[in-house]
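Visitor: I am new to this structure. Please walk me through how its helices pack.

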Amino acid sequence: MSDSISPNRRSFLKSVGVSSLAVASAPVWVQAIQAAPVDDTQQPLQPGEQRITLKVNGQAHILNVPANAILLDVLRDRLQLTGTKKGCDHGQCGACTLHVNGTAVNSCLSLAVSHDGDEITTIEGLEKDGKLHPVQEAFWEHDAYQCGYCTSGQIMSAVAILNDPSIGSDDSSVREAMSGNICRCGAYKNILAAIQSARGKVKGAS
C-alpha cells in the first residue's frame, strides 16, 4: 500500500473533522494539566518525613514526603501528574524522563527530597498558552508513537536534546542521544523524523 493512501490516526481524525486537541481521549502528551497546589504546612511531619517545595510546571507545592520517596511516585501519587510514566523503575527505559532545571532526568532514580526548590517540568507543562510545544506537534504529525506509553519520556528527552548545542544535528547524533529511551513498539524511524522536523521550531536548536 502506498504512503498516499495508507491510513493513520492523524489523517483519520482530520477526515472526520476532529482536531487532535478536541479529542476527549487525546493522549496525555498533548494535554496541558495543572496540578492543584498542595500545601502540607499544616500537617505535622511524620517520623522519617521531610518538608520540601517542588516547583512543578510553574506551580509551587509544599509537601511532606518520606526521605526515601522517589520523585516519580510523588508526582504521580501526590500531584496526580500521571503523564510521566513508570516503566522499568531502574533508569533503563526513559519512560519517566522529565526536566529538572532544564536538564533531562530519569525521575525513577531521583529522590524527591534532593529536588527541594528545583524547577521541574513534566510533559503536562510543555504546552504554553494553549499551544502545543513544537516537539509535541511533530510527534503527532509524524505518528511517532504506537501504544504511547513511552511517548512522554521520548518527547521530554527530545526537547532536551534540541536545546543542547553540544549534541549534533545529524541523524546519528540524535539516535545516540535518544538511546536511553526505549520504544518497545519500534517507532524509532518516526520518532527520529519528528525530532528532526521540530528542530527549526525549537528555540536554541540548530
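Guide: Start with a term: contact means heavy atoms within 4.5 Å. Keep in mind that this is a predicted model.

Visitor: Which residues in H6 do Pro134, Val135, Ala138 and Phe139 in H3 meet?
Guide: Look along helix H6, residues 188-198. Pro134, Val135, Ala138 and Phe139 lie on the H3 side of this contact. Their partners in H6 are Ile191, Ala194, Ile195, Ser197 and Ala198.

Visitor: How many residues of the contact of H3 with H6 are nonpolar?
Guide: Sort the residues by class. There are no charged residues in this contact, and 1 is polar. The nonpolar count is 8.

Visitor: How are H3 and H6 oriented to each other?
Guide: Their axes come within 8 Å and cross at roughly 140°. Angles over 145 degrees count as roughly antiparallel, and 65 to 115 as roughly perpendicular. The crossing falls in neither range, so H3 is to H6 oblique.

Visitor: Which residues in H3 meet H4?
Guide: H3 spans residues 134-141, and H4 spans residues 151-162. On the H4 side are Thr151, Gln154, Ile155, Ala158, Val159 and Leu162. Across from them, H3 offers Val135, Gln136 and Phe139.

Visitor: How many residues of the contact of H3 with H4 are polar?
Guide: No charged residues take part. The nonpolar ones number 6. The polar count is 3.

Visitor: Is the crossing of H3 and H4 left-handed or right-handed?
Guide: The two axes come within 9 Å and cross at roughly 130°. H3 and H4 are therefore oblique to each other. Their crossing is right-handed.

Notes:
Residues numbered from 1 in each chain as written. Predicted model: local features only at pLDDT ≥ 70, side-chain atom pairs only at ≥ 80, totals over all residues. Heavy atoms only, no water. Axes fitted to C-alpha atoms, helices over the stretch in contact; angles between N-to-C directions. Helix = DSSP H or I, 4+ residues; strand = E, 2+ residues; numbered from the N terminus. Parallel < 35°, antiparallel > 145°, perpendicular 65-115°, else oblique. Left-handed = near helix turned anticlockwise from the far one by under 90°. Nonpolar A, V, L, I, M, F, W, Y, C, P; charged D, E, K, R; others polar.
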